[in-house]
Amino acid sequence: MATLRDQNVGIPAEREAGTPGFLVDVISAPIFRNTPAWWWIGFTASAGLLGVFLFAVVNILIRGVGLWGIQIPAIWGVGIVNFIFWIGIGHAGTFISAVLLLMRQHWRSTFSRFAEGATLIALVCAGLFPLLHLGRPQYAYWLFPYPNILELNPNWRSALAWDAVAVSVYGLVSLFFWYIDLLPDLAAMRDKAENRWVKTFYAILSTGWRGDSSHWERLHNAAYMFAAIATPLVISVHSIVGLDFAIALTPGWHHTIFPPYFVAGAVFSGFAAVIIIAAGLRRAFSWQEVITIDHMENAAKFVLITGLMVAYGYGIEWFAAWYLDHEMEWILTIQRAFGQPYAFFYWAMIFFNVGAIQALWFKRVRRNIPLLVTICVGVLIGMWLERYVIVTVSLGYAYLPAAHEYFSPTIWDWLTIFGPFGLFLTLLFLFIRILPSIPMYEAELLASEEH
Amino acid sequence: MVDAAQTKSRPLFGVMAEFEDGESLLEAAEKTREAGYTRIQAYSPYRVEGLAKVLGQDGNILPWFVLAALIVGGVLAYYMQYVTDVVVYPINIGGRPDEAWQAFSIIVFEAAILFAGLTILGFMFLRSNLPLPYHPAFNAPNFEQASQTRFFICIEVTDPQFDLDETTSFLQSLDSLSVNEVES
Amino acid sequence: MVIKMSQLFNPSVNTFARISILAGGLATAFVLAIVFGWQYSPYTASTGPSGVAIEQPVRFSHQLHSDQLNIECRYCHENAEYSAYGGIPSTHTCMSCHSQIATYSELLEPVRTSYATGEPVVWNRVHDLAEHVYFNHSAHVTNGFACETCHGRVDQMPIVWQVESLSMSWCLECHWAPEEYIRPIEHVYTFGYEYPENQTEVGLELIEEYNIHNLDRLDNCNICHY
Amino acid sequence: MPSMSETENPNNGAHPPSDESSSKTWRNIDEIAAREDFEDFLKENYPREHVIMRRSGLDRRSFLKIMGASLTLSGFALQGCAPSPTDERIIPYVRVPEEVIPGRPLYFASTMVLGGYGTGVVIETHEGRPHRLEGNADHPASLGGSNAIIQANVLELYNPDRAVEVRNAGNLSSFDEFVSAMQGAMAVSGDGTGVHLLTETITSPTVASQIEALQEAMPNATWHQYEPVSRDNIVAGAELAFGEVVNSVYDFSQASVILSLDGDFLSSMDGSLHYARDYAANRKVFLDGEEPEISRLYAVESAPSLTGAAADHRIKVKASEVELFARALAAELGIETDFSMDEAPWDSQTLTAIAEDLTANAGESLVVTGAWQSPAVHALVHAINAELGNVGTTVTYTEPVEVNPVNQTEDLRTLTDAMSAGEVGALFIFGGNPAFTAPNDIEFASALANVPFSVHLSYYNDETSELCTWQIPQKHFIETWGDARAFDGTASLMQPPIGPLLDTTRSEIDMLALMTGDDRSSFDIVQAYWEANYDGDDFDGFWRRALHNGVIEETAFEPMEPTLVADLAGAVGSYEAPQAEGLEVIFQPDPYIYDGRFAQNSWLQELPKPFNKLTWDTAMLVNPVTARELRLDTGNLAELSYGGEIVQMPVWVLPEQPEGSVTVYLGYGKEGGADVDAGFAFNAYAIRPSGNMWFGQGVEVSSARRSYTLANTQIELNFESYEEHPPVETASLSFFLENLDFAGYDGDTDKTLLPDYNADYAGYQWGMTIDLSACIGCNACMVACQSENNSPSVGKTEVERGREMHWIRVDRYYDADDDSTKFQPVPCMHCEQAPCEQVCPVQATVHSEEGLNQMVYNRCVGTRYCSGNCPYSVRRFNFLDYVDDTPILDELRNPNVSVRSRGVMEKCTYCVQRINSARIDANVENRRINDGEVMPACATACPTQAIVFGDIAESTTQVSQLKAQPHNYGLLAETGVRPRTTYLARLTNPNENLHASAEAESEEA
């Protein structure tokens, strides 16, 4: 196994593995060494995709959401599907930072920084869509309360108003949490940097952190308080997204299972995304010693557990459709699984989200990174399809048979599907280049405790 | 950037001792407290368990602030929704009651969390007197290692017991790697 | 240059940092205040600037006609009672007097030209409601809501300007409390009407009398928007 | 948009627009057009209008006339400077015309003519701009109802595609040049030899008198009539039966058993609005203590029609077999007729049961047939009605409505032969488009080349105008003085509420006056005709009443009693069994495009055809069994080969179509349809021979091995209905009387955990009922709504995506069990517990105190959540910018309804603008709104009055009483949304003998 030292990336010769400062060197090495070629290639490719996405966004803003394949009654399409998908991706980070912190899972610290970074980036991606999908995005601010001459305010009964508030709060609280956790590392970066401007850059971001014991104490307390409030928050956000559907009358949406099932689904897809990113970082930065195979396995277990919760949700949909004793609900459920042209999406979703993950019962699979990553990519596809099925099929298969329409995507839908990956990866590439992807202070602390 | 001439003319901030690891720092802190010093500051690259307690910095009033923020945020959010939907411009929305506390509760929850989050952030920065780009501790030699490998303890001149020579030698007696005077 | 020293800034930066944070906060607050304040200003929505007299092709003085000559609003704006539009008097209406009075006045030249050629006088709009607002004059003036309430003391204006903001919140002031503004129907065209001290009581009686039932309805959206 | 006023001088009924008054308005335009910097100025300030002018090839003056009103309003014409939003100009009248109060609509009665027959309409104008047509309640052919074509006709007036210029051989010319050219051509033969006049069907007494005058002046001038949707068979049938041409008028209010032999009296027959009203009145069930009785309708039909869909028993046969049925029925009733039948194409008991039923109700029964059935069927139907004693009760005969009922196909052939022979020196074609619509064996188009002087007075620059030497733009009826007779002979006037939009346009009367050297205005001519034919002493009063009421007094024809010919059997001859080979092809006028004349009307193009909900295109209807044999499916392109001619047609597989025959619709293959845009021409005229104008045997249909995209608005046309609560609740009357509460959800729909919102609503509470027994699926409501509420047409590609913008749609359900077709109009239900309102994040859709589900466009941000949560899918969204910003179309828009911008949700408002204006009127007059005073556009347009609207808080209103009926049910009431719009279940009256036998058969199977 190639280690960082083999790659001669500037770790001081006197540092040995296990000595204090070693992990700081290892984790910060990618930032201070010269930009590798793969980064440029990846960044350029992502930025190119981002460019395409921006082209689509500008077009949609100028010409209208009618460019998408949405219609009456399938009035929501890829825009909302992507919103839920990206919010879901953005759930693992805060979940890892908060819930696992409260549960004193020490292995979580390895994941927390980049997972939370990915969360924030995914939130940026997700946050675009509620805006972009509006018929009149210029009036999006009407979703927030402010004093106005219309004497009008958002409708507090609408799940979309809740969404707007919940996603904003989630983004803000996640950012705060992430930032205070970054302070010591930013200080370390400031101290490690050699270039004056780089030093100043990190110095400003670190706000003068100097490792004072009282600050450490406050940081510790604040982190726990953040974890305490972020835990219900993270559950509430996707619950509210689930409520968007659950409070609606639409067959296929009108289920009380939606909030918990959406949360499980979000964590499920979020962990899958985290595993993919972790595997990438391990390989790119040769961080096998930092992100160990045990860490990967733990995350894989989470994928399995949440995947089973999602599978339970699928089962409950059938149960509820039967138990509701509502003819249209039952017909819809049957149609979704067996009717054309919906069945393909449904069974692909079942294959990825329920079938494929069963391999994770085996330790060998969980510890086999390529296989694990493949399953996780499948989970992402499956979870995207799940949202696609929920949104377009339920809407298109309206109450009145005369109103049925099939959603069929246009080129703009495809650009909207793939474009956000450009944004996500561009920001992710910048993130791993600028900030330490793993909390260095926590890694050092853990290392010192081991000794 | 620091001007060398300026720094030279500055008064003394304290005496700083450098340590190898957290245990030494904790031990040194305990001894310093026993020696009767009160204006002590300790610096470390990560949180040293128990250090704050030794230095008397372990009181945690943050939860009370957070609780207050949760209540204030929630009440304000309910009040806002009540005023806009019931008092100012009640509008029949889907035949639901004007005061829809069931629906209002969600914004109440989110607002409470937002207020709490802002409180934690504000508390963290304000109580720690951050941002503070300039601090005398940074003047200590090798202090850049405080964020990576080394641990420091500093006795300030403002300490009633402070005496440059005595304090320096006291710190030197604490298994420290080095002891330096720090200008403010 | 390799900097090993960890002290990057000099002490004044601390003050600078605080001031800049404070200034940033204040600037944000200021911008928000401007933005929120702006919408309440006379310059928003589609309504014209209030308080600015608008030049007209004919220097018609409401002050002269209404106050000094005591001609009632209805004489020229007769449609206000029957129609959504208050209406601009036709040239014919002007000439019904001015064929006798001030027949050679230079000021009236455009009116005479219009009368002769059949081409209307083109007036500049003073009160311009947004296109999505449907306002009906007849519904108001026949139920005791006076010209003066919205148009101000036109009888004191040599050249007319807009007095009220015509914003939604301004409309709602009255739609939420019509009893505060209603007057006896005979005073609808009166200027300088003084409301009695017990206006609320009187107002409620008038509302009863004029059959303005179901006041809750008055703030329904499609009273004005459809 | 509300505009304060406008410069154009709208005239009122008593004072016709004289040339002086209109020229005054336009003089100013001449001045502007003469400006040298005109084009630069236009380009700079009105770029869009500039492009339009360049593209339209109009000269400045004509351009300004078309755009005139809108540009004038925006200050252009008078100020010569660009208006800015902050500096809006307002223009008062110089002299206010009597009656005009700016901001209040004026109504004028007039007459719309289609196929020669008049229907009374009321034109609603705002500040002089006509913006809507409604049926005239006083006119027998309307009774206040209207159909899609009438509703959409106002768009024709402003249609940017209409012909605008006098053209000579394709080049711009002027009317003066035309006049001198015409005088030259007419002078060639003083006695009219070689002068031929080709008109559409004429019922107008004034036009008749003018033609008479023309023929007096030029005895050898010949008058021809041709329309592709002719009444040749009706005329021939009457001649067979009675030896003279008579006009049949039916009284469906007296008929308790009706048999339609391809007689679509509900939508395409002359007088169908009247008939539909009478028929529906007999089908509505209202329980008031007495035993309800409803009529029974049997339909033996070929091409699916609305009458067939409404029938209690629909017997699908080939068009050629209808005659067989008629003969068999006649025989059953004891009328001698010659036919042989090996195996009846219908179920054996059907005929007997129908015959028994008819006989049992003799004198109260009625048999009707349609224009496309053979003369023999018409003759037999006359005989059957006589046999049943229906003459004088349900059928009356009058003299013919047409001035000169001829066989129009033969008339056209005569003319074409004369043209080919070079005998025609001057041909005047008034209206119609014979070059396009002539049967394929009458080579009218090529014969036109032989005519040295040909004039086409036409509304569009169409196939015929291209071939004529002169083209004169035709006036719209809204711009025209004239008259016409209705199906019962009632004459009524056309009066124009506005002067012509273009001074190049002429009407038929103008042209005939020109030809006869009559220099009176058309107004004078019409008035003079009626004055001459008035024998009272108060002509002014008579005239004023005629204009005001829209009906000329005592002009309905008196009933006459023609006698059947003695040898009817001989007259109708023997039945010729159709050749068994190949399929049968049925030609039908398109339900909305008619014979092709409305192809440029986007409202009608986008109106879903009743059966397949197809828009913008036509399709050949094929029965599923036949389609399987032909290996064709919906959306395939098929090749029809008939009589040596081949035409391509897209296929639509429809269960209502009889086996072994295909139906093709006339009117496509013209500019305006989507087929032409895609490079096709689905022109059924290409295979329509003069010998088989309506149906024929031996058509070969094969796949063209291509597909063609058809945009329809309802994908699930043949949905197997939900079992528990089908959307259209249907039952036979007898079942209903035993199970009064069969319809709808019987659970507690008011169950809720929340307290009611302000349960003591005060004031009006608006509600609606739609009687599904009365709805015939004609779609008039859809166009009425579109016209009233400024709904845009979105075009084929958008419809294909499912983005049509009709606020009310008519769903169609096909029930395979009893082969029935059901229609259900679905507007917004204005639910008390509206799910849409709850989910809108910005309070853009909320409830009013009067129970309306309000949609506030200017507050909408376009999340579309409301639509996703609407169980009825009745909300419409402006996905793209759908507003057609052609300036002239601004004139058409209802100033009392906002035009919606992109990104905004919209939906049925119960026509809140009408409610508001009625409320204000009532308020000004200090009274309550009366029942029936407020009617949404759909209700006013409905020919059968199936839609009833009113205050449901008042128990005496019609709508409240209907809502109290046991068969009143809420669609999807089980969702708990408590819809304000409710339905009255569809109640049928099947013949129990037939019903039982059908059931027995299906059990056997």
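Two helices count as roughly antiparallel when the angle between them is over 145 degrees. In this predicted model, helix α6 of chain A and helix α8 of chain A pack at an angle of about 155°, and they are therefore roughly antiparallel to each other. The points below describe this helix pair, a salt bridge that involves α6, and the interface of chain A with chain C.

**Packing of α6 and α8 in chain A**
- Helix α6 covers residues 159-192 of chain A, while helix α8 covers residues 213-246 of chain A.
- The axes of the two helices lie 9 Å apart.
- The crossing of α6(A) and α8(A) is left-handed.
- Among the residues of the contact of α6(A) with α8(A), 26 are nonpolar and 3 are charged, and no polar residues take part.

**Salt bridges**
- Side chains of opposite charge can pair when their charged atoms come close.
- A:Asp185 and A:Arg113 form a salt bridge through their side chains, with a distance of 2.9 Å from N to O.
- This pair links distant parts of the chain, for A:Asp185 belongs to helix α6 of chain A and A:Arg113 to helix α5 (residues 108-132) of chain A, 72 residues apart.
- Over all chains, the count comes to 58 salt bridges.

**Interface of chain A with chain C**
- Chain A contributes 15 residues to the contact, and chain C contributes 16 residues.
- Between them, chain A and chain C bury about 1400 Å², of which 70% is on carbon and sulfur atoms.
- The count of salt bridges between chain A and chain C is 0.

Terms used: Residues are numbered from 1 along each chain as its sequence is written. Chains are lettered from A and ligands numbered from 1 in the order in which they are written. This is a predicted model: local features need pLDDT of at least 70, side-chain atom pairs count only at pLDDT 80 or more; totals for chains, interfaces and linings use all residues. Side-chain values use heavy atoms; hydrogens and water are left out. Axes are lines fitted to C-alpha atoms, for helices over the stretch in contact, and angles run from 0 to 180 degrees between N-to-C directions. Helices (H or I, at least four residues) and strands (E, at least two) are DSSP runs, numbered from the N terminus. Angles under 35 degrees count as roughly parallel, over 145 as roughly antiparallel, 65 to 115 as roughly perpendicular and the rest as oblique. A crossing is left-handed if the near helix is turned anticlockwise from the far one by less than a right angle, and right-handed if clockwise. Ala, Val, Leu, Ile, Met, Phe, Trp, Tyr, Cys and Pro count as nonpolar, Asp, Glu, Lys and Arg as charged, and the others, Gly among them, as polar. Contact means heavy atoms within 4.5 Å. Buried area is the accessible area (1.4 Å probe) that two parts lose on being put together, summed over both. A salt bridge is a side-chain nitrogen of Lys or Arg within 4 Å of a carboxyl oxygen of Asp or Glu.
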